[in-house]
Amino acid sequence: MSKSADRLNNFGTSIFTEISALAAEHNALRLSSGYPNTSGPEVLIDATTAAMQAGENQYGWAHGVAPLRTALGQHEQRFYNNTLNLETEITVTAGATEALFLSTMAFVNPGDEVIVLEPYFEYYVPNTEMAGGIPRFVPLRAPDWTFDPTELAAAFSNKTKLIMLNTPHNPTGKVFTSSELETIAALCCKWDVIAVVDEVYEHLVYSGAAHRRLRDMPGMAERTITISSMSKTFSMTGWRIGWIIAPEPLTAAIRLVHQYTVDCAPVPLQHGCAAALAMPETYYTELAAKYQAKRDLLLPALRQVGLAPYVPQAGFFIMADFSALGFSDDVIFCKHLIETIGVATIPPSAFFSTPHKRLAKNWIRFAFCKDDAVLHAAIDRLMQL
């Protein structure tokens, strides 16, 4: 049999696959996975069903059906006061994961460098390497998960093509400040670098924090690719509808890759997403309040058993320092929780490059995007600590 392509040489089994198998073996409660265990609003299902019954079941326009692009334009205006060209600045994708793939493949040549802030979402580095790019890692450091501006500046050069930014951030729950975004923007402008900004948690921001966009910083509108999806906002992670917002020259390159990747995202689901985006402001405020309450349910329990959690400003996850419990490795502690306590979490060292894994060795990631019954059951088990 022929040998697999060299581009796969650095790829191994995902940490999520490993943890899921171990959790199943021990019947552990899964606070490891970043998806809700309940479905989203009925309006999505109703609109999708209506679209299927109306015959919207064939190929759609490659960059997105008109109702969804219209809804995305209205969403952009409503939340960000930004007017988009619906024909040239929006591309609908098969989830944010395809959007990230397209954004990398459209611009990275072999030998180009891509700056990755770590801990990072697991797709950023494989996408870079499949394009022949070279990741340059800049760590966020505890306890506040901030970057060193001097270290970030040193990562930029005339070889830099992209920077990957995730805000609100997974796994830490950090929301990047205006000052941090201004620092990143100034460096992108200086070195003529494109920013790929993953904003899938844009509507899951909690009291005291505010999500700001890199594209709104001076000089960044023409060099920012903004990515989001319906997965987190509408609790339908399996529907795989995402989108890219970018200026026309960047969009044109992205669409060239898209048309030879999946052609079009599932058409009936696009209609469902369009209906969901039109829901009133109360949906979004209630969504954030619901998850903030789940966060606030889990935080005191973690403190009670001897963990020191970072209070997330956004997202689905709590990072907690477990060093006071006598463990010194996140993978070992994660397996201990599964095998002994019956609670599955994720070791965040998996989201760091090898030289920086030590920065996460005392941390573990809990997902609180579960119904309250699961959270209460997990808290009861964690009390064994």
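Colleague: How many bridges join strand 7 to strand 8, and do they run parallel or antiparallel?

Modeller: Keep in mind that this is a predicted model. To read a strand pair, look at the bridges between the two and at their directions. Here strand 7 (residues 224-229) and strand 8 (residues 242-245) are joined by four bridges and run antiparallel. To see one of the partnerships, find Thr226, whose bridge partner in strand 8 is Ile245.

Colleague: Which order do the strands of the sheet take?

Modeller: Walk across the sheet from one side to the other and note each strand as you pass. You get 2-8-7-6-5-3-4, an open sheet of seven strands with mixed pairing. Strand 2 (90-93) and strand 4 (134-139) each have a single partner strand and stand at the edges, so one side of each lacks a neighbour in the sheet. On average, neighbouring strands are turned by 20° against each other, direction ignored.

Colleague: And which strands does helix 4 touch?

Modeller: Helix 4 (residues 95-105) packs on the sheet and touches strand 2, strand 5 (160-166), strand 6 (194-198), strand 7 and strand 8. For its orientation, compare directions: that of helix 4 makes about 160° with that of strand 7.

Colleague: Let's turn to side chains. How many salt bridges does the count come to?

Modeller: The count comes to 12 salt bridges. The way in is to look for a Lys or Arg nitrogen within 4 Å of an Asp or Glu carboxyl oxygen. Take Lys335 and Glu18, with their closest N and O atoms 3.5 Å apart. This pair links distant parts of the chain, as Lys335 lies in helix 11 (residues 330-341) and Glu18 in helix 1 (residues 15-26), 317 residues apart.

Colleague: Why does Lys335 count as partly exposed?

Modeller: Because its relative accessibility is 30%, and partly exposed covers what falls between buried, under 20%, and exposed, over 50%. Glu18 counts as partly exposed too, at 37%.

Colleague: Where does Arg78 sit, and where is Glu281?

Modeller: Those two form a salt bridge with the closest N and O atoms 3.8 Å apart. Arg78 is in helix 3 (residues 66-80) and Glu281 in helix 10 (residues 281-304), so to speak a link between distant parts of the chain, 203 residues apart. Arg78 is partly exposed at 34%, and Glu281 is partly exposed at 42%.

Colleague: Are Glu180 and Lys174 buried or exposed?

Modeller: Both are buried, and their side chains meet in a salt bridge at 2.9 Å, N to O.

Colleague: Which residues are linked in a network of salt bridges?

Modeller: Look at Glu76, Glu199 and Arg213, which are linked in such a network.

Notes: Residues are numbered from 1 along each chain as its sequence is written. This is a predicted model: local features need pLDDT of at least 70, side-chain atom pairs count only at pLDDT 80 or more; totals for chains, interfaces and linings use all residues. Side-chain values use heavy atoms; hydrogens and water are left out. Buried means under 20% relative accessible area, exposed over 50%, partly exposed in between (1.4 Å probe, protein chains only). Two strands pair if DSSP finds at least two bridges between them. Axes are lines fitted to C-alpha atoms, for helices over the stretch in contact, and angles run from 0 to 180 degrees between N-to-C directions. Contact means heavy atoms within 4.5 Å.
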